[in-house]
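This report introduces one protein model to a reader who has not met it before. Please look over the sequence and the structure, and then read on.

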Amino acid sequence: MDVFSPHPVTGAHLPQTLGHEFSGTVVEVGEGVTGIEVGDRGAVFPIAYSCGECVACRKGRPTSCRLMASTGANADGGGMAEFVTVNASQFHRVPETVDLRTASLVEPMTVAWHGVDRSRAQAGDTALIAGAGPIGIGAWYAFSAHGVTDILVSEPSADRRAKIAALGAEVIDPTTEDLGAAIAERTDGDGVDIVYDAAGVPAALSSGLDNLAPGGRVVLQSPHERGFEIQPSAMMMGEFELIGSVGYTPADFDGVIARMAAGEYDTTGWTEEMDLDDAVEAIHRLHAGSGTKIALRVS
C-alpha cells in the first residue's frame, strides 16, 4: 500500500481533509441516531477504523492495527472543514462548562492520559516528563489527576518552560542545569519512578533512564526520528520497564472530558487561536518552534 492508493479499510485517498483533533456543534443528526441532538457540543474520537481481523484487533488493541485509520488523516472527513460527518459512536458530548476551544484539546490530552494510565502511576510516585509541548503538558495534568504530585519537567526551550511553569509545574533546563543532581536532591538519591518521554529526543530518553529508580517505568509517547541505544545490563539490573503508548480508548476520552468539566485543565498561555485561512502559517510557526498549541477557528 502506498500513499496514492485508497486506504484498504476506509477507501479514503488523496487529497484528504486534515484535522483529527477537533470539536464542534451538531447541526444535523442521521436517521436512526438516538441520544444525540442538534445543538449538542462535543469532541470527536477520530481513531474509529481498523481491520478487525489482525492480532492487535483480536486482542482489543485497534490502535496498534497496521491498518488503523483516523478521521482527518486516512479516513474521509476532517476537522479543518466547515462540516464533517462522523459516526455517532465517535461523538463525545461535552458539558456547557467546557468551551469548544478546550474541547478541541480532548484528543491530544487523551493521548497523554492514556500514556500516564499505562505507566500505572499512583499517589506517592515521582515522575520526570521530558518535553513540555502539548503532550508533555497533558502528561503533567494526567499525572496530577492520578495523584502524583512530585513531578519534574525537563525542557530546553525557555518559552515552553515558562508556559508550563505558569501552570504550576516545576521545570528544569537540561542544557544548562544538572538534571541528575536535581533528581537526586528531590528523591534523596533514589531516582524517579516514571520517566515520560514526550520529547522524542535520544538524549532526553537516555538521561531519563540514567535517573530511574529500580523497578521504574519508561513511557515512550513520542516518535523518534533517530534510533537510540539502551544498555541491556542496566535495564536488567534495574528491572526497568519500557512501555509503548499510542492512541487512547473511548473511556480515556470520557475521563479527560470529566476532568475538563471539573476545571482541571487550564489552557491559559499555551494555547492560541488562528483562522483556518492561516493554517499554513500556523504549521510553519509550530515547525519553527514558535507557539505551543494553535487552535484553528472554522466558521
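## A helix and a sheet

Just after helix H9, glycine 263 takes a positive phi of about 80°. The model is a predicted one, and the helix that comes before this glycine can be checked for its length. Helix H9 covers residues 250-261, and because a helix should advance 1.5 Å a residue, its 12 residues should span 16 Å, which agrees with the 17 Å that separates its end C-alpha atoms.

Several residues of H9 are buried, among them Asp252, Phe253 and Met260; Gly255, Val256 and Ile257 are buried as well. The elements against which the buried residues of H9 pack are listed here.

| Element packed against by H9 | Residues |
|---|---|
| Strand S2 | 41-44 |
| Strand S5 | 91-93 |
| Helix H2 | 100-103 |
| Helix H3 | 106-118 |

Elsewhere in the model, six strands form an open sheet with parallel pairing, and their order is S8-S7-S6-S9-S10-S11. At the edges lie strand S8 (170-172) and strand S11 (241-244), each of which pairs on one side only. On average, neighbouring strands of this sheet are turned by 20° against each other, direction ignored.

Within the sheet, strand S6 (residues 126-130) runs parallel to strand S7 (residues 150-154), and five bridges join the two; isoleucine 129, for instance, has valine 153 in S7 as its bridge partner. Helix H4 (residues 134-145) packs on the sheet, where H4 touches S6, S7 and strand S9 (192-197), and the direction of H4 makes about 170° with that of S6.

Terms used: Residues numbered from 1 in each chain as written. Predicted model: local features only at pLDDT ≥ 70, side-chain atom pairs only at ≥ 80, totals over all residues. Heavy atoms only, no water. Pairing = 2+ DSSP bridges. Helix = DSSP H or I, 4+ residues; strand = E, 2+ residues; numbered from the N terminus. Axes fitted to C-alpha atoms, helices over the stretch in contact; angles between N-to-C directions. Contact = heavy atoms within 4.5 Å. Expected span 1.5 Å × (residues − 1). Buried < 20%, exposed > 50% of the residue type's maximum accessible area, 1.4 Å probe, protein only.
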